[in-house]
Amino acid sequence: MKRRMKMLTSLALAGAMVVTMAGCGGKSNTSSGQGTKEKSTSTSQAKPAEDTGKVLNIQVWNEEFKSRIENHYKDYQKVSDTEGKIGDVTVKWTITPSKDNAYQNNLDTLLPKNADASADDKVDMFLMEADYALKYVNSDYTMKLSDLGITDDDLSDQYQYTKDIVTDKDGNIKGSSWQACSAGMIYNREAAKAVLGTDDPDKVQEAVSDWDKFSETAKKAKDKGYKITSTVNDTYRVYSTNVSAPWVTDNKVSIDPNIKNWVDNSKKMVEAGETTTADLWSDDWSKGFYPEGKVFAYFGPAWLINFSMASSTDGSIANKGGWGFCVGPQSFYWGGTWIAAATGTDNPNLVANIIKTMTTDKDVLREIADKDSDCVNSQSVLADLASADIPKRKPTKDDGGSITWILGGQNPYAQLAEGASKLDLKNISIYDQGCTEEFQAAMKNYFDDNASYDKAVAQFNKAVVEKYPELSTD
Amino acid sequence: MKKEKVTTATQIRRVIAYIVLVIITILCLFWFYILFINSTRSHAELTKGFTLLPSSFIAKNLGNVLLHGTLPIARGMLNSLLISASSAILTTYFSAMTAFAIHAYRFRGRKAIFTFILAIMMIPTQVTSLGFVRLMTSMNLMDNFIPLIVPSIAAPVVFFYMKQSMDATLPASLMEAARIDGASEVRIFNTIVIPLMKPAIAVQAIFAFVSTWNNYFLPALILHKDYMKTLPILIAQLRAADFLKFDMGQVYATIAFSIFPVIVVYLLLSKYIVGGTTAGAVKG
Amino acid sequence: MEKTVKPQRNNKVTRYNKWGYIFLIPFFVVFVIFQLIPLVSTIYNSFFENYRSGLQQIGPNFVGLGNYQKLLTGGDFFKYFGNTMIMWILGFVPQIVISLVLAYWFTDPSLRLKGQRFFKTVIYMPNLIMAAAFAMLFFTLFADTGPINSMLQQVGIWSKPYSFMSHVGSVRGMVAFMNCLMWFGNTTILLMAGMMGIDTSLFEAAEVDGATAHQIFWKVTLPLLRPILVYVMITSLIGGLQMFDVPQILTNGTGDPVRSSMTLIMWLNKHLYNYNYGMGGALSVILLVVTAVLSFAVFRFSASSEVDN
């Protein structure tokens with residue numbers, strides 16, 4: 001296992017070097033921001049229209065991208081928590097939470113009216129999540145990156161899966177991300193020692209390398225008083241990433257065999273008392289962030305490790321550096337943020353420059369990785385990071401600390417890079433978010449013994465049709 | 001002998017009453033206590049578990065919400081105050097006026113109108129919300145307070161209460177006397193009827209203020225610009241924040257902050273509930 | 001509701017009576033604009049297929065009674081109606097009992113309770129907390145690893161945490177308990193007002209006749225309270241049919257387990273998700289009819305028994 005990983009890493013490195021060298025030919029001096037701007041205006045074939053807007057409106061659902069811009073886009077000057085300036089252009093951030101579909105509802109109201117909106121109200125740029133990105137990508141409300149002067153070459157260092165998610169039905173790329181949210185299994189080192197007698201990532205990986213082994217480990221964990229996962233929903237995305245068909249084809253909803261596997265395996269584990277049916281993000285779920293919670297592992301990407309596992313709280317496992325990271329039974333991804341340019345923007349060049357700087361400039365991406373511990377969307381930067389000696393920064397009240405601290409000194413980038421390169425996301429549909437939500441909710445009834453599997457599926461079908469009346473079910 | 005027996009029975013009943021009342025009081029106030037405790041705790045403390053002892057984060061939580069947050073909470077409080085106070089005033093004044101029309105005058109169709117108003121009391125607000133939002137969109141009243149304030153003028157439930165209490169407290173002779181003095185009908189209503197109706201108005205004003213203050217359903221459909229939003233919408237937004245910003249400490253601090261004005265308004269008007277209800281009584 | 005002003009055949013008075021119409025103008029103008037027009041448009045829309053799918057608008061296409069048919073077949077409507085009524089009754093019965101007892105104690109002169117001001121002030125206070133905040137607190141308190149479970153485990157009542165959110169009875173019970181707690185103060189205040197309006201000479205007369213406190217309550221107070229009880233019942237029924245915030249927040253909008261706590265308005269809310277004016281409109285109309293029928297039934301039932309007395 002270890003050897004294979006090393007080989008892959010060196011392959012990735014070699015590939016990255018070629019890319020870097022190719023990249024160097026075009027770019028002379030890339031000091032982020034300024035440098036790329038010059039290039040995008042001088043060499044692009046499809047030159048966008050002149051910038052006329054005085055206000056750059058950006059629609060977001062949280063503050064992540066805003067803080068990335070504040071910290072890493074050199075020309076940006078912060079004015080207030082919801083406003084900034086780039087040159088004489090005012091940047092306005094509108095934050096609408098994703099919950100209850102509010103963020104998308106807001107976009108769905110604004111985008112169709114964007115052409116007629118007054119210059120200062122036009123949406124110039126907005127962010128998308130993987131679960132529904134196709135909805136906007138396949139519409140006329142997002143611009144092709146090529147029309148903004150961003151070429152395939154510019155994007156060549158990005159992971160393929162991040163481009164697949166934002167490729168429309170005609171093969172045009174219409175968004176770009178600075179993150180590669182490949183994910184893995186985050187295990188409690190203390191628990192691993194107790195259950196498996198080792199906390200070495202490779203040895204732990206062997207014990208969970210497929211779902212059968214995972215189940216065996218779950219039984220052993222149970223004997224030692226640990227739950228294998230905090231809830232059944234922890235493993236959901238591992239299965240759902242590796243499906244053989246999308247949720248919806250030709251307006252018909254179907255449950256993929258791998259999703260069914262999730263249901264069957266989860267049901268067994270719940271019955272054996274090896275996990276629970278709590279909701280993600282609930283208090284019951286996050287109990288395992290502390291040693292008393294007695295949870296063996298969580299499943300998630302780098303952002304989960306960095307931001308959500310209570311690393312700045314005394315007594316948490318993350319605070320003591322007590323987690324380890326391995327790939328787990330199947331590689332998967334969770335989350336990620338894609339930047340799209342809204343059709344009708346009156347600042348196309350600025351938008352292009354922001355997208356280019358934030359998602360393709362290697363110096364900026366490396367800076368983001370170092371400072372914010374994002375798993376960045378650059379094969380070469382990740383390869384560098386995998387072999388770099390990343391300093392352990394202790395978490396404090398205001399800083400979550402570095403990923404290497406939380407993982408007890410482990411550098412996870414080799415595993416993250418490996419995961420990202422193996423991802424295949426051909427099987428996504430615009431309905432994924434709604435289907436995922438409703439499916440998890442419906443299956444909870446089955447896991448809790450409140451309904452048979454068939455009844456739970458019937459409830460899922462009903463809920464999906466309520467959300468999307470145009471779909472049919474079995 | 002007989003007399004003594006009655007007193008012991010009363011004594012026992014009194015003890016039972018006190019015990020029950022104390023239990024009920026605890027059940028009623030407990031929630032305010034946990035809200036307060038939770039608003040003093042940090043997010044990490046809150047996820048770790050529950051406690052009855054306060055922590056030290058209240059200033060930090062409130063600071064995060066009011067000074068460093070991206071949501072205009074202070075502005076939201078102002079919006080909520082404006083909408084709730086206006087609704088409470090309009091609904092009590094105009095419901096009293098409508099009730100007065102039915103109570104004091106004998107005109108053709110009076111009974112039919114009375115029955116009609118009682119019948120429309122049964123229309124649930126949510127039922128018309130779809131049409132309401134469409135109409136407001138076409139009237140260009142989205143992101144405007146008018147759709148949240150003005151409709152309170154036509155409130156059948158408040159009207160019904162006012163009517164009942166007028167029947168009990170407003171004799172016709174009073175108006176006769178005023179008319180002889182040469183007062184106009186509008187003047188009679190404003191200077192004689194309204195003051196007499198004070199207790200009933202206070203009770204309904206509290207009900208109206210509180211329910212508007214806590215209303216989420218309709219304002220959430222009408223108000224979309226951040227600086228127009230009311231507190232319940234902003235609280236829902238805080239709760240909906242995702243993992244990066246999700247901070248239950250802030251949520252609880254905001255809830256505590258938003259309950260404060262209602263408590264003040266309630267305590268100011270509650271003397272009418274506590275003492276003066278006889279005057280506003282519904283006649284049996 | 002009986003007339004207190006005796007109709008007077010007096011020219012001077014009839015001249016004033018046009019003011020009745022004038023004073024009704026604000027009510028009716030506002031009613032027509034903000035309620036009637038939306039109501040009509042809701043009814044009109046209920047005959048069309050009209051919703052948004054992602055960024056596409058589907059319809060409006062006339063479908064006749066298609067939406068109604070979809071709603072009423074399959075039994076979902078009746079299930080959610082049943083849920084709503086069960087949770088309402090579970091909350092209303094204890095609420096009315098507690099309110100009656102409290103109102104009775106507060107107005108009973110022989111009891112002379114001290115601290116009445118305080119108690120009366122306190123009972124309405126739960127209503128000041130918004131329903132969503134209430135539901136949030138309950139969710140935390142009754143979580144698998146929450147304080148209620150750990151308390152009960154420490155006492156030894158059960159060894160494993162009880163999953164309150166995974167059982168039909170406990171979820172409905174929590175919803176009912178919250179509604180009861182939030183509204184019993186309101187009801188008590190109304191009933192108290194009613195009781196204080198009863199002529200005290202009636203009580204005295206009953207006492208002289210040797211009636212016990214118990215008998216006075218059942219034979220004198222309760223019958224005289226009937227109009228206000230009807231008012232309380234109808235308003236509470238209407239409020240119950242509109243039950244939304246509490247179960248919505250508590251169950252995160254799912255109405256689980258197995259949609260056993262899904263209320264009609266939560267269902268309506270599901271159709272608002274994609275701006276489904278057709279289905280949402282049809283559900284609204286059905287809801288209106290149900291409310292009217294039920295309220296009318298309560299009204300008639302009580303009116304007829306009033307005649308009996």
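Two residues count as being in contact here if their C-beta atoms, placed from the backbone, lie within 7 Å.

**View 1. Where chain A meets chain C in this predicted model.** Chain A brings 27 residues to the contact, and chain C brings 23 residues. On the chain A side, look for helix H12 (283–286), helix H19 (432–447) and helix H20 (453–467), which each give two or more residues. That side is a mix: 11 charged residues, along with 8 polar and 8 nonpolar.

**View 2. The two domains of chain B.** Domain 1 of chain B covers 2–57, and domain 2 covers 61–278. Their C-alpha centres sit 30 Å apart. Where they touch, 9 residues of domain 1 of chain B meet 9 residues of domain 2 of chain B. On the domain 1 side, helix H1 (2–39) and helix H2 (43–48) of chain B each supply two or more residues, and H1(B) gives the largest share, with 4 residues. Sorted by class, the domain 1 side has 4 nonpolar, 4 polar and 1 charged.

**View 3. The largest nonpolar core, with 154 residues.** B:Phe100, C:Phe134 and C:Ala135 have the most contacts inside this core. Helix H8 (residues 168–196) of chain C puts in the largest share, 16 residues. Domain 1 (2–57) and domain 2 (61–278) of chain B each add at least three residues as well.

**View 4. Around C:Ala135, and a second core.** Leaving out residues up to four places away in sequence, C:Ala135 touches C:Met178, C:Asp245, C:Val246, C:Ile249 and C:Leu250. Apart from the largest core lies another, of 132 residues, including A:Leu127, A:Ala297, A:Ile317 and A:Ile368.

Key. Residues numbered from 1 in each chain as written. Chains lettered and ligands numbered in written order. Predicted model: local features only at pLDDT ≥ 70, side-chain atom pairs only at ≥ 80, totals over all residues. Nonpolar A, V, L, I, M, F, W, Y, C, P; charged D, E, K, R; others polar. Domains from an automatic or database assignment. Core = buried A, V, L, I, M, F, W, Y, C linked by C-beta atoms within 7 Å. Buried ≥ 20, exposed ≤ 12 C-beta atoms within 10 Å, placed from the backbone.
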